[in-house]
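Let's take a walk through this structure together, one piece at a time. Have the sequence and the 3D view open as you read.

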Amino acid sequence: MNSFLEKLKKRSKTDYLVFILLGVLVMIVAFPTEKKKETENTEDSQQTAKEEETDTEKMEEQLAALISRMEGAGKTRVMITLEDEGYMQVDKNLSTDEKKREEETVVYDSGDKETPYVVRRESPRVKGVVVVAEGGDNPGVVSAISNAVMSLFDIEAHKVIVVKMSVQEE
């Protein structure tokens, strides 16, 4: 023990400073920071955005396939714009006391992360639809396509546009 104290007394101020800096560095590396959570949230929001794009593209493909099967429509291309992202209602446990009320979201464990239990899910609302069809110059076909789109997405007529496909597309 005495030899250890003698060695400490022989150290210079620079050595002590280096030890302190090394200790701070070890503490910084050892403790997790909130930045990791932010990156996870960013990755989750990017994944959600990709899922939304995929849903929109899927709706466009389904609608284009449906319209192209209509008599006189021919080849079609569809673009759908959404008004919102949809709505998900999650299940919550309510606990009430005389003075306070607490809500806790019900979650289930799916391996490495917890996912909220969704009770109700509403699809995104469609803001407008543009249909480009080979038969877009025929008023009967335009009317049939417009009626089909309006009934599928529950939108007004002025939010549905049907136009003829250009010769280059055909």
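Two strands count as paired here if DSSP finds at least two bridges between them. With that in hand, look at β5 and β6, which form a hairpin with 2 residues between them. In the turn sits G111, with a positive phi of about 85 degrees. Strand β5 covers residues 107-110 and strand β6 covers residues 113-116; the two run antiparallel and are joined by 4 bridges. To find the register by eye, start at V107, which stands opposite P116 in β6.

Another hairpin can be read in the same manner. Strand β3 (residues 92-96) and strand β4 (residues 101-105) are also antiparallel, with 5 bridges between them. Here the connection from β3 to β4 takes 4 residues. A handy landmark is S95, whose opposite number in β4 is E102.

Now step back to the whole chain. Please keep in mind that this is a predicted model. Its average pLDDT is 80, and 82% of the residues score at least 70. Confidence varies along the chain: among the elements, helix α1 (residues 2-10) has the lowest mean pLDDT, 68, while β9 has the highest, 94. Where pLDDT is low, the predicted coordinates should not be read in detail.

The protein chain contains 4 helices and 9 strands. Starting from the N terminus, their order is α-α-α-β-β-β-β-β-β-β-β-α-β. Of the contacts with a separation of 6 or more, 63% are between residues 24 or more positions apart. Buried residues make up 15% of the 170 residues. The accessible surface is about 13,900 Å², and carbon and sulfur atoms account for 53% of that.

Helix α2 (residues 13-30) makes a nice check on geometry. At 1.5 Å a residue, its 18 residues should span 26 Å, and the end C-alpha atoms are indeed 26 Å apart, so expectation and model agree. Is this helix buried, or does it lie in the open? The number of buried residues in α2 is 0, so the helix lies largely in the open.

For the opposite situation, turn to the interior. In soluble globular proteins, nonpolar side chains tend to be buried together. The largest nonpolar core in this model has 16 residues, and those touching the most other members are L63, I67, V78, V129, V131, I145 and V149. Two or more residues each come from α3 (35-68), β1 (76-82), β8 (126-133), α4 (139-153) and β9 (160-164). The largest share is that of β8, with 4 residues. If you centre your view on V129, you will find among its contacts L63, V78, V149, F153 and V160.

Helix α4 deserves a second look, since S146 is placed there. At 15% relative accessibility, S146 falls under the 20% cut-off and therefore counts as buried. Leaving out residues up to four places away in sequence, S146 touches V160 and V162.

Just past this helix, we come to the loop between α4 and β9, where D154 is found. Most residues other than glycine have a negative phi. D154, although not a glycine, has a positive phi of about 50 degrees. Is D154 buried or exposed? Its relative accessibility is 71%, so D154 counts as exposed.

Conventions: Residues numbered from 1 in each chain as written. Heavy atoms only, no water. Core = buried A, V, L, I, M, F, W, Y, C linked by side-chain atoms within 4.5 Å. Buried < 20%, exposed > 50% of the residue type's maximum accessible area, 1.4 Å probe, protein only. Contact = heavy atoms within 4.5 Å. Expected span 1.5 Å × (residues − 1). Areas by Shrake-Rupley, 256 points an atom, 1.4 Å probe, with all protein chains shown as cover. pLDDT = per-residue confidence, 0-100.
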